[in-house]
Structure formats: structure tokens, C-alpha cells
Amino acid sequence: MMKATFKLSLLCVSILALTACDSDDTDTSGLESQIAALETKNSELTASNTTLKETNSNLVSDNTSLQEKAVSYINTFEEQCTEAGFKFDYVDPNAPVTEISMLPNYMAAAEESDCLACHTYEEPIKVPHQDFGSTCANCHDNPHSDDKPVVPGNPTDPSFPQPQPSESLVDGKTGASGSFYYTPGSYLNADYLASRLNGSIHNFEWAQPTEDNPGVNSLEAACQLNDRQHIKQMFPTDGKNYILSGFSNQMGAKLISTTNKFIDETTNKPVETPNIATFGYGMKKNGNDYNVSMNIGKNNTCYNAIMNGEARFSYYEYDPMLSGKQERNKGARILAKIDYTKTALKGVDWVTEVPGLGAGENFTPDQVNWTQVGACSLVFKVESIIPLG
């Protein structure tokens, strides 16, 4: 606008100059001086305008570079969504919960008759789930209670008397080591150990769509999904469809040890060998006792536990990111005896209890006809909890 104004001024002065030429007054030095000054000013403004354009262009370029650099630093889904205009805060799905916040969940679960409203199993569905649908109570005890949740104690406060072997010998009867090196990393408190055995680690991931859920293929749609606040992994921007899938894993490894007893065919002598298996057992307090329970098919573990009357459990958590040996190794060992009254042996349909071998019937090993057994609902009474090692 300023440039156009000065051009108009020059035009006016030029007209005046030409008009003056037709008069007797031929002295145009004053007008020429003004024209020269205006031309100089116009030239300066033109140069300034060019500089401003160049500066603006540089600023746009710098801003673009800064934006690209800022985007390159985005490494979480929350930051992706913030950049796209969808603001929310990440919520750790494994954040500690308070005793008060836990109670409504336990109450709701206790009143919920359909377990599958909260719990699902993944494909491929295994026997016997495809036959029994939501009738979970036929095989599984309800782990929830309307009782107030137990507050876990100090992990290393023993709930059971600890074996005290000498420094030079190990205790073969209990399996306790001669040195209690791992005691600081052991969960000797039964309530605390139960909270770890029964707990889960929850996580979310971007997974392939399913027949029931076609998923989404845009960041904008992903930023508005349920549970969006629980995932850190960035949404793939490859144009493919993804679903936000939640899953849970147990906190540590659970092992059960029993003893195989058989007659060697060559020597015709009795032989005993260890049998170690991995199962997802849990632990629960009943009155003054603690019980470990598990539901499995008929196998060596079930057979050995029933016939020998005992088992030993190991629970182990390992954190490879910690340097201290006692910090990265956590867990405990559980010594337990089978509770024949609470244990139930079921038929080949995995549901119907074998007559005389059901829960509430105090049977003995010699009463079991193993050809009738298809599954085992085992309940053990905890005799002791001892350190790792």
C-alpha cells in the first residue's frame, strides 16, 4: 500500500512538471529534486518489502522444520493424539489401587453370575470351554468375595515358622537351604504372597482386527477408542486396520513339584523321580488356613498329588533390569498337603464329579479308579512358606 502511494505521488509531481514546461517558468530543479527523493524512497521500500518476504519465507521454512522435529520426538500414543487435537492423560493399567477402590470391584464380581461378563478366554478355545459356555461355576470356584479385601502384610514377615538348618547342612525334609541368602527377596508373608499369586499384569496392544471387531485405520478414530488412556504404544500409521486389545498375564512363574513313583522294568526296583509342571494356581485364606487350588486335566501332577498326598510349589518373579541379586529374584516356595475333603475328581466330561470322590467327601487314594477320572480340582493345605534358594 505504501509503495502504491509513493508511485501516485511521483505521477502527480510529474504532471505538475509537464504542466510547468508549457509555461514560461522553465526552472524545474525543485520538482526534479522531489522526484529523485521519492524515487529513492520508493526503491528503499521495494528493497525492504523484498527483505520482509524473504524473512517471512525463512520463518515459514524454520517453522516447518521445527514442526517436523517436534513430531519426530513423539513416541507415545498419548503424544500422537495430542498432536492430532485429542487431549487425554495416560493411565497406567497396573497402577496400585487402594483398599477402598478395590472393594466395589469385589462386591460387583460377587454379585455377577456370568463370569464371562468380565473374564474372557482367547482363541483357540480349548476343552472344555466350547461345551460349557458361561457355566464357569461347574469347573471354577468364584475367586471373588464380598468380604473386605485383605491388606497384604510386609513381604518378609513370616506367616509360618521357618526351618532353621545348621550352617553346614541343608534340611532335606523341608527343602530349606543351609543359608537363607534369599530371605530378603522372599515373600514369606502368606497374605502378601497370595496377592502376588492371584494378581495379574494388565497391558494393551494394537492387534489385528477380528471377525467381530473390524478395527480402525486412522489416528483420529484410534484416539477416541475406549481404553485409549491405557496404551503407550504408538498407533501404526500404515493405513491398515487395528483394534485396541487388552490382555492380562500372571506376575510370575508358578511351578508345582510332585514325585513320580514306579517300578523300573529292568531292575524291578522302585524308582522315584521329580515331576515339575507349570500351572496357574492361586492361594486363598480359609479361616485360619491357607489353601492352594488348581483345576487341571488328569495327568502325572494330579495322580502324584492324590497318591502321595503332597506337593511343593514354587513362585518366582524375575526383573532383569535390576543389578542386585536379591532385588531381581523374588518369590517363595510353598510346602503343602492335599486336602482330600475339599478336592474333587471329575469324570471325562470335566464337570461331573466321580461318585465318592467329590468335594466334601473325604476319600483316600486307594478308593480312586483312575479310568473314571478326566479332570482334577485339587485343593492343598499350606503347611509352610519358605524362602527361595
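**Salt bridges and odd backbone spots**

Guide: In this predicted model, lysine 337 forms a salt bridge with glutamate 310, their closest N and O atoms being 3.7 Å apart.

Visitor: Why is the contact between lysine 337 and glutamate 310 called a salt bridge?

Guide: The cut-off is a Lys or Arg side-chain nitrogen within 4 Å of an Asp or Glu carboxyl oxygen. The lysine 337–glutamate 310 pair sits at 3.7 Å, so it qualifies.

Visitor: What makes this pair a tie between parts of the chain?

Guide: Lysine 337 is in strand 8 (residues 329-338) and glutamate 310 is in strand 7, so the bridge joins parts 27 residues apart in sequence.

Visitor: How many salt bridges turn up in the whole structure?

Guide: The search finds 2. Arginine 196 and glutamate 317 also pair up, N to O at 3.0 Å. That one links distant parts of the chain, helix 6 (residues 190-198) and strand 7 (residues 310-318), with the partners 121 residues apart.

Visitor: Why is glutamate 317 called buried?

Guide: Buried means under 20% relative accessible area. Glutamate 317 comes in at 10%, so buried it is.

Visitor: And what makes arginine 196 partly exposed?

Guide: Its value is 22%, which falls between the 20% and 50% limits, so arginine 196 counts as partly exposed.

Visitor: How do you know that asparagine 268 is exposed?

Guide: Exposed takes over 50%, and asparagine 268 has 60%, so it passes. Asparagine 268 sits in the loop between strand 3 and strand 4, and its phi is near 60°, a positive value in a residue other than glycine.

Conventions
Residues are numbered from 1 along each chain as its sequence is written. This is a predicted model: local features need pLDDT of at least 70, side-chain atom pairs count only at pLDDT 80 or more; totals for chains, interfaces and linings use all residues. Side-chain values use heavy atoms; hydrogens and water are left out. Helices (H or I, at least four residues) and strands (E, at least two) are DSSP runs, numbered from the N terminus. Buried means under 20% relative accessible area, exposed over 50%, partly exposed in between (1.4 Å probe, protein chains only).
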